[in-house]
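Reader: I should like to understand how the terms used for a protein model are justified. May I ask about them one at a time?

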Amino acid sequence: MEKTVKIAEGIFYVGVNDRDTHLFENIWPLPKGVSYNSYLIVDEKSVLVDTVKLCKIREYLEKIRQTLNGRKLDYLVINHMEPDHSGALAAVAQTFPGIKIVGNKKTVEFIKAMYQLEADFYEVKDGSELDLGRRKLKFYLTPMVHWPETMMTHETTSGLLFSGDAFGGFGSLDGGVFDDEVDVNYYEHEIRRYYSNIVGKFGPMVQKALQKLSALEIKVVCPTHGPVWRTDPGRIISAYDRWSRYVCEEGVVIAFGTMYGNTEKMADFVARALADEGLKNIRVMNTSTVHESFIINEIWRFKGVIFGSCTYNNWIYPPLENLIINLAHKGLPNRVFGVFGSYGWSGGGVKGILEHLRKNSWSLVGEPVEVQFSAKPEDLEKLKRLAVDMARAVKSE
Ligand code: FEO
């Protein structure tokens, strides 16, 4: 029997933690798990807001039953159809007969296509309301944040926003559920990793959604992952605003691929030269050992990126190329980049990076530096110049 977590009078957290899944969406590492947040509103009518991944169904249903304490469940609001939130939909519908599923036209289409489920649907449009008795829910369609059916639900009496994936991120909730109970710096970092890798491609749609939300009174942000923001909801809303406008900070990420350490030595040399120029935010990241989601997270944050590659099959070192290809899919604008690399008997690494980056809007800083096997004193001079140029390019005016 677990202690019920109360968000407001008659509103409860009934989410679960998943510390078993290694890869979110079978791609993104979960070193500290993830929470699937779900909320239960008990009013004259009772409403469940979003569900959880099916793997946690027993624990989840037990929490709902315990919190309902014999009451009927009238509605299930589906803000987002990705299976980490809709996975338990059919089980909930079966457990609570007579329940109405609340979603928009696209949600209904997706439910039928994904689960072949015929249910009692309550279809809403942008701005539709649902009266629960003392409380009222209002629905806002926020397409492509990050699926086409995504919407948010605003509880108008206490100012709670059930925001779906928006404002949420990786990391299980280890005891603390609210922003004032957890290390928010850790969660904010992981929320940006979630944002940059999963939602970031849709920055203009996030901006549209934020514009729509700007007229609402939002006292508490209740996302489907990570902490509930009751003390400082503005912190995560303004972070989302910055990230979706591609605002960057002063700093440089050096992402390198190395086979025998020569390119890594160049990366360390450039990093030291950047520090000599007064930069404090420098991240040196090995694409063979650090998952690209962590590197993309840092690149989303900082203005400068320097790619360093050894040559492999006359081309870029494959793990670094994967990073560059995936970055291109995100459509991140407004960054500056530099390039260095090494080769044995014919070049290719530096050329490959330049060919990839030619296709996006980033600006090349300094002269690319390519060395045979290992950097000589004259190469180090060139790397030093690259670092000086990069430091100048990223420093705030
Ligand atoms: Fe948390 Fe888009 O799923």
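**Terms and their grounds**

Author: Let us begin with a single residue, bearing in mind that this is a predicted model. Lys125 is found in the loop between strand S11 (120–123) and S12.

Reader: Why does Lys125 count as exposed?

Author: Exposed means over 50% relative accessible area. The relative accessibility of Lys125 is 59%, and therefore Lys125 counts as exposed.

Reader: How do you know which residues are in contact with Lys125, leaving aside its neighbours within four places in sequence?

Author: Contact requires heavy atoms within 4.5 Å. With neighbours within four places in sequence set aside, Lys125 is in contact with Phe139 and Leu141. Phe139 stands 14 residues from Lys125 along the chain, and the C-alpha atoms of the two are separated by 7.2 Å. That value concerns C-alpha atoms, whereas the contact cut-off of 4.5 Å applies to heavy atoms.

Reader: What makes S1 and S11 edge strands in their sheet?

Author: The sheet is an open one of seven strands, in the order S1-S2-S7-S8-S9-S10-S11, with mixed pairing. Strand S1 (5–8) and S11 each have a single partner strand, so one side of each is left without a neighbour in the sheet. On average, neighbouring strands here are turned by 25° against each other, direction ignored.

Reader: How do you know that S1 and S2 pair?

Author: Pairing requires at least two bridges. Three bridges join S1 to strand S2 (residues 11–13), and these strands run antiparallel. Because at least two bridges are enough, S1 and S2 are a pair. Within these strands, Val5 stands opposite Tyr13 in S2. At the other edge, helix H4 (residues 105–115) lies across strand S10 (100–103) and S11, and runs at about 155° to S11.

Reader: What makes up the other sheet, with S12 and S16 as its edge strands?

Author: Five strands form this open sheet, in the order S12-S13-S14-S15-S16, and the pairing is mixed. Strand S12 (129–131) and strand S16 (220–223) are the edge strands, as each pairs on one side only. Four bridges join strand S15 (residues 160–164) to S16, and the two run parallel. The required number is at least two, and S15 and S16 therefore pair. Leu161 has Val221 in S16 opposite it.

Reader: What makes a group of residues a nonpolar core?

Author: Its members must be buried residues of certain nonpolar kinds, joined through side-chain atoms within 4.5 Å. The largest such core has 107 residues, and those with the most contacts inside it are Ile7, Tyr60, Ile64, Val92 and Phe307. Helix H5 (residues 184–199) gives the most to this core, with seven residues. Both domain 1 (5–244) and domain 2 (249–395) provide at least three of its residues. Apart from this core lies another, of 23 residues, including Val252 and Leu383. In soluble globular proteins, nonpolar side chains tend to be buried together.

Reader: How do you know how much area is buried between domain 1 and domain 2?

Author: The buried area is the accessible area that the two parts lose on being put together, summed over both. For domain 1 and domain 2 this is about 1200 Å², of which carbon and sulfur atoms give 53%. Arg192, Ser196 and Asn197 supply 39% of the area that domain 1 buries against domain 2, more than any other three residues. In terms of contacts, 14 residues of domain 1 meet eleven residues of domain 2. The C-alpha centres of domain 1 and domain 2 lie 38 Å apart.

Conventions:
Residues numbered from 1 in each chain as written. Predicted model: local features only at pLDDT ≥ 70, side-chain atom pairs only at ≥ 80, totals over all residues. Heavy atoms only, no water. Buried < 20%, exposed > 50% of the residue type's maximum accessible area, 1.4 Å probe, protein only. Domains from an automatic or database assignment. Buried area = accessible area lost by both parts, 1.4 Å probe. Axes fitted to C-alpha atoms, helices over the stretch in contact; angles between N-to-C directions.
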